[in-house]
Amino acid sequence: MKLRRRLTLAAFTGALALGTAMPAFAADLIAIITPAFDNPFFKAEAVGAEAKAKELGYETLVMTHDDDANKQSEVIDTAIGRGAKAIILDNAGADATVAALKKAKDAGIPSFLIDREINVTGIAVAQIVSNNYQGAQLGAQEFVKLMGEKGNYAELVGREADTNAGIRSQGYHDVIDDYPDLKLVAKQSANWSQTEAYAKMETILQANPDIKGVISGNDTMAMGAIAALQAAGRKDVIVVGFDGSNDVRDSIKAGGIKATVMQPAYAQAQKAVEQADAYIKNKTAPKDEKQLMDCVLINADNANKLETFALKN
């Protein structure tokens, strides 16, 4: 009798141990991976995706890769090891990401990309990105108007391995280059970084004191540029960004940066989770793998409506 009671207790204890271990391989876990949390755009992605996932009843595993392809591979391995049912990813490189996503796909885990594309199709279930070219053209048109169609200007470019950096730059130039009196005197990468943009702007300003404008590949670099210009007493230089961050909104309202282009980061991330949910529950894939979401020009006229990469009614 005592032996039977001990065996029953052991079995019950084992069942409890198994039960407490189950969340590590939860049937309802979604992994959310973004470049970093210190950048407001990437933070908005993570917050939006996590909020939607929890609303739909999922557990979440939120991680960052710091734009390091090796670290990205490690965190995707973690998602696979935890038995995630889907991965929401803002990736670390159009080429460098392919092998890691293929590994996830081979493990039966679907991926839903946001913000940045990869260079192949058929590995991710969805690639939901901002219409960067359309947005860049909006920003460039506003920049041309603010510059009065003439003057020397500089361009701050994002991380060169990031497809979006090239697309935005191309969108800018397909508009600006039609105006022969607008002269590009400096074009430098600041790797999406505010600190690097500040330093690059100082150097550009020293070499080109007659500069009239700066067009930036993202808001973080625009904030670095405006800080360097203000430190040099150059409040006359026009700065235009891209992203639609609250920091730039506040700068626009204060008369600093003149315009930006809002990407719907929060809505994009939530849309990815909704599509992941449909795929997990019913194997329903979106009609198109690559999906574009249009951007919106933000200037002094509508900056008051901007909140966390979305426009309030």
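A residue is called buried here when its relative accessible area is under 20%, exposed when that area is over 50%, and partly exposed in between. The legends below describe a predicted model.

**View 1. The surroundings of I211, a buried loop residue.** I211 sits in the loop that runs between α7 (194-207) and β8 (213-216). Its relative accessible area is 1%, under the 20% limit, and I211 is therefore classed as buried. Leaving out residues up to four places away in sequence, I211 touches N152, Y153, A154, V185, M201, I204, L205, R234 and V237. One of these contacts, Y153, is 58 residues from I211 in sequence, while the C-alpha atoms of the two residues are 5.5 Å apart in space.

**View 2. The whole chain and its two assigned domains.** The protein chain contains ten helices and twelve strands, and its C-alpha atoms fill a box of roughly 95 × 40 × 40 Å along the principal axes. Of its 313 residues, 52% are buried. Among contacts with a separation of 6 or more, 74% are made by residues 24 or more positions apart. The domain assignment divides the chain into domain 1, given as 27-127 + 264-291, and domain 2, given as 130-260; the centres of domain 1 and domain 2, taken over C-alpha atoms, are separated by 30 Å.

**View 3. The interface of domain 1 and domain 2.** The size of an interface is often given as the accessible area lost when the parts come together. For domain 1 and domain 2 the buried area is about 930 Å², with 34% of it on carbon and sulfur atoms. Of the area that domain 1 buries against domain 2, F41, D115 and R116 supply 36%, more than any other three residues. In terms of contacts, 13 residues of domain 1 meet 14 residues of domain 2. Five residue pairs are in polar contact between domain 1 and domain 2, counting pairs in which both residues have pLDDT of 80 or more. The side of domain 1 that touches domain 2 is made up of five nonpolar, four polar and four charged residues.

**View 4. Salt bridges at the domain interface and the network around R116.** Side chains of opposite charge can pair when their charged atoms come close. Two salt bridges are found across the interface of domain 1 and domain 2, out of a count of 19 salt bridges by this rule. R116 pairs with D162 in a salt bridge whose closest N and O atoms are 2.9 Å apart. In the salt bridge of D67 with R159, the corresponding separation is 3.8 Å. D67 lies in the loop between β2 (59-64) and α3 (69-81), and R159 in the loop between β6 (151-157) and α6 (163-176), so that this pair ties together parts 92 residues apart in sequence. D67 and R159 are both buried. Through shared partners, salt bridges join D67, D90, D115, R116, R159 and D162 into one network.

**View 5. Two further salt bridges, K71 with D66 and E307 with R249.** The side chains of K71 and D66 meet in a salt bridge with an N to O distance of 2.6 Å. K71 has a relative accessible area of 28% and is partly exposed, and D66, with a relative accessible area of 44%, is partly exposed as well. In the salt bridge between E307 and R249, the closest N and O atoms are 2.9 Å apart. This pair links distant parts of the chain, since E307 belongs to the segment after β12 (296-298) and R249 to helix α9 (residues 246-253), 58 residues apart. E307 is partly exposed, its relative accessible area being 32%, whereas R249 counts as buried at 12% relative accessibility.

**View 6. The contacts of N132 in helix α5.** N132 lies in helix α5, which spans residues 132-146. At 3% relative accessibility, N132 counts as buried. The side chain of N132 makes a polar contact with the side chain of N164 at 3.2 Å. Apart from neighbours within four places in sequence, N132 is in contact with D115, N164, I167, R168, F242 and Q263. D115, one of these contacts, is also a member of the salt-bridge network shown in View 4.

Notes:
Residues numbered from 1 in each chain as written. Predicted model: local features only at pLDDT ≥ 70, side-chain atom pairs only at ≥ 80, totals over all residues. Heavy atoms only, no water. Domains from an automatic or database assignment. Contact = heavy atoms within 4.5 Å. Buried area = accessible area lost by both parts, 1.4 Å probe. Polar contact = N/O pair within 3.5 Å; in protein donor to acceptor, adjacent residues only side chain to side chain. Nonpolar A, V, L, I, M, F, W, Y, C, P; charged D, E, K, R; others polar. Helix = DSSP H or I, 4+ residues; strand = E, 2+ residues; numbered from the N terminus. Buried < 20%, exposed > 50% of the residue type's maximum accessible area, 1.4 Å probe, protein only.
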